[in-house]
Protein chains: 2
Amino acid sequence: MSKKKYTIADIAYMAGISKGTVDRVIHKRGKVSKKAYEKITRILKEIDYQPNLVARNLKKNKTYTLYVLLPDPEQDPYWAPCVEGINAASREFQSFGVMVEAVFFDPSGTKSFNATCKQVLKQEPDGVVFVPLFYQESLAFAEKCVKKKIGLATFNGSLPEGQAGSFIGQDLHQSGRVAGKLLHQLLGDDKKVAVIHADEAYQNAIHMQEKEKGFRDYYEGLKGNTTIITQTLPHKDIKNVAQSMKHFFAEHPDVSGLFVTTSKGYLLDGALPETHAGIPVVGYDLIEKNIKALESGVIDFLIHQNPRQQAYLGVSYLSEYFAFDKKIPGKKLLPIDIVNSENYIHYLE
Amino acid sequence: MSKKKYTIADIAYMAGISKGTVDRVIHKRGKVSKKAYEKITRILKEIDYQPNLVARNLKKNKTYTLYVLLPDPEQDPYWAPCVEGINAASREFQSFGVMVEAVFFDPSGTKSFNATCKQVLKQEPDGVVFVPLFYQESLAFAEKCVKKKIGLATFNGSLPEGQAGSFIGQDLHQSGRVAGKLLHQLLGDDKKVAVIHADEAYQNAIHMQEKEKGFRDYYEGLKGNTTIITQTLPHKDIKNVAQSMKHFFAEHPDVSGLFVTTSKGYLLDGALPETHAGIPVVGYDLIEKNIKALESGVIDFLIHQNPRQQAYLGVSYLSEYFAFDKKIPGKKLLPIDIVNSENYIHYLE
DNA sequence: CAATTAAGTGTGCTCGACAACATTTCTGCC
DNA sequence: GGCAGAAATGTTGTCGAGCACACTTAATTG
């Protein structure tokens, strides 16, 4: 398991040759005779040479700049934990010459996003981690980065396959299935349930649809006979959710479970008509208001997307790539954490 | 946020003094005039000097040896993921001179544990990460380590407070509460439920009791009127669990939910009498047999203790301590992951 | 007052990887 | 054979921290 650590000098000695030549072989920069090349290659393989990353990093002595673009946590608390994750990763890698800078944009429109992108590009960073909130704009930005050979990672949303860089997030379709399973566990067979797409100012439409699809897929795979209806709760109605819900349940009195596809599950707190007060609800995201709703019993389960970890990993992947030449994992799917009133505390920190 | 990085040479230049003196100030090894000391200290504070850990590590050029003691995964598959976690951490830190060696012991008695401890101590390691399966023996071992100034971390079980070293694990009492909540969510109020302590060859007694206590605490905090009974399923009976369960339910026909405090929940697969076939069950640990039981619907929820992560963190903490002089966190409680048939996949890997 | 000791300071080498630069060896050609 | 020029190889300095050793003052004593 643990072996002696060999240095380039060791190898040079073993091969009866100088370190310069060994280095040339390792880095494939030619000017080496076939004989020497083969000899060294054989030794390298034999001892399974692992270069000392510490020494390598010290020699390079380069500082890398890394920008993280994400929605302003002040406007949507969902993003607050990301900042913490970014800082944690930043602390970890600053010794290795990686400088991390977080930049916020206004998620309510594309204008701020575009402006921020431009600004970041002007800094000529070595790497960029960003949240691809707006599809077209993100695509354009990613392309520019690739052209400028800027390292790339996205989290909490993906770009189409084949795009360079890393994607860190959750399998949304599967998380819909998890929600389906949870409601099914709470309700049993042959009930009527509703998918609620509650107010998202910006284009979470794709997200929401993916989740709904997973949810429906789960129920379709069962022998049972559950009915699923979909209800959208647009922005203009969130001032009076109680009213909307009253209408909804008047129309669908037999709905016995709700799946809220966004982080707005807390809106149901105090907004469910008496006739349906204790009805099972599954929602998303550990934001403060949702936790309150968990504790008051309005929401039964939350699905945690771990934004902190997503941001942390995004920064870490690029940092390790810069500092240690590690290759960037193409895709990293995080666990779909199921949270209730008794275990949420450990996911906060 | 990101500042220029200063080196000792920079500071020496700024203070108009040599780097030797700066170094003496930083490491407090005296032989410095008051004047020089104050000048340098002021500069250090002013620029918030952070030593280059890479260079430091390179210079020290020491290799640290770290042993991990855990039960043999061949005898209990619960521990298998730990090996993976250990390897992951090992890979990560081998560049920094940390050599990790995993050693297995037979969990069925203290003899093997003691022998392994002795053997490990003989190797004079710099650090030890171990699973304190046997209380008295673990205590003695920990003391010896402290005396020999060996770095210490435990996972999946704790030693009494005040002991040096780190503890990584789960809040077992709270995990019992989580189980209670889950059964409550599935069953509703005023039911009769049972806590099953299913066969553990070795002293998991404390673990099981902690979990039961949490479980009962949860129900006691409710307004409802749930009855809880406890049933032990000893080793000799696991050959015929069906028989035991038949007797159990004959005696307690009104039990409508089960909480299995060990990883042996899968024993119920095919062992529940027809009268109670679909009864809700909450168990522990993502071992293969339990996952099968999850998928077949015998087990509804599993609580995941993330042994992989526990082992990974244990090794990481000590490694960071050796390689970067980071201080070891005293206690790290991992999330209590709730797992059902739809999300278990992400916790495996 | 020279000699000894202590206190404070500076210099230079090491760790391992790496690459620029210097040097040697080989090849072809007149 | 001699010589240019390419090809191969060797040497050395760098990155930043850290420490042993050498060195310079200042203080003390016979």
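Here are some numbered notes on this predicted model, covering how the two protein chains relate, how chain A is built, and where the DNA strands sit.

1. Some ground rules first. This is a predicted model, where local features need pLDDT of at least 70, side-chain atom pairs count only at pLDDT 80 or more, and totals for chains, interfaces and linings use all residues. Residues are numbered from 1 along each chain as its sequence is written, chains are lettered from A and ligands numbered from 1 in the order in which they are written, and side-chain values use heavy atoms, with hydrogens and water left out.

2. Let's start with the two copies. Chain A can be laid on chain B by a turn of 180° and a shift of 0.1 Å along the axis, with an RMSD of 0.3 Å (superposed by least squares on the C-alpha atoms of residues with pLDDT of at least 70 in both). That is the relation of a two-fold axis. The copies meet through the same surface, because 98% of the interface residues of chain A are also interface residues in chain B.

3. Now look at helix 2 of chain A, residues 19-26. (Helices are DSSP runs of H or I with at least four residues, strands are runs of E with at least two, and both are numbered from the N terminus.) In this helix A:Thr21, A:Val22, A:Asp23 and A:Val25 are buried, meaning under 20% relative accessible area, with exposed being over 50% and partly exposed in between (1.4 Å probe, protein chains only). What do these buried residues pack against? They pack against helix 1 (8-15) and helix 3 (34-47) of chain A, where contact means heavy atoms within 4.5 Å. After the helix comes A:Lys28, with a positive phi near 50°.

4. Next, the strands of chain A. Seven of the eight residues of strand 1 (residues 64-71) are buried. Strand 1 pairs in the parallel sense with strand 2 (residues 98-105) over eight bridges; to count as a pair, DSSP must find at least two bridges between the strands. In that pairing, A:Val68 stands opposite A:Ala102. The chain gets from strand 1 to strand 2 through helix 5 (residues 80-94), and this β-α-β crossover is right-handed: with the strands pointing away from you, the path from the first strand over the helix to the second runs clockwise. Strand 1 also pairs in the parallel sense with strand 3 (residues 127-130), over four bridges, and there A:Leu69 has A:Phe130 as its bridge partner.

5. On to DNA strand D. There are 25 residues around it, and those that come nearest are A:Ser18, B:Ile8, B:Lys19, B:Tyr49 and B:Arg56; a residue counts as near if one of its heavy atoms lies within 4 Å. A polar backbone atom of A:Ser18 is 2.6 Å from a phosphate oxygen of the strand, a polar contact being a pair of N or O atoms within 3.5 Å. A backbone N or O atom of B:Ala55 lies 3.3 Å from a base nitrogen of DNA strand D. Helix 2 of chain A gives the largest share of the surface near this strand, four residues.

6. Finally, DNA strand C. Which residues are closest to it? They are A:Ile8, A:His27, A:Tyr49, A:Arg56 and B:Lys59, out of 25 that surround the strand. Sugar and phosphate make up 64% of the DNA strand C atoms that come within 4 Å of the protein. As for bases, a polar side-chain atom of B:Arg24 lies 3.1 Å from a base nitrogen of DNA strand C. Here the largest share of the nearby surface, four residues, comes from helix 2 of chain B.

Methods: A polar contact is a pair of N or O atoms within 3.5 Å; within protein, one must be able to donate a hydrogen and the other to accept it, and residues adjacent in sequence count only if both atoms are side-chain atoms.
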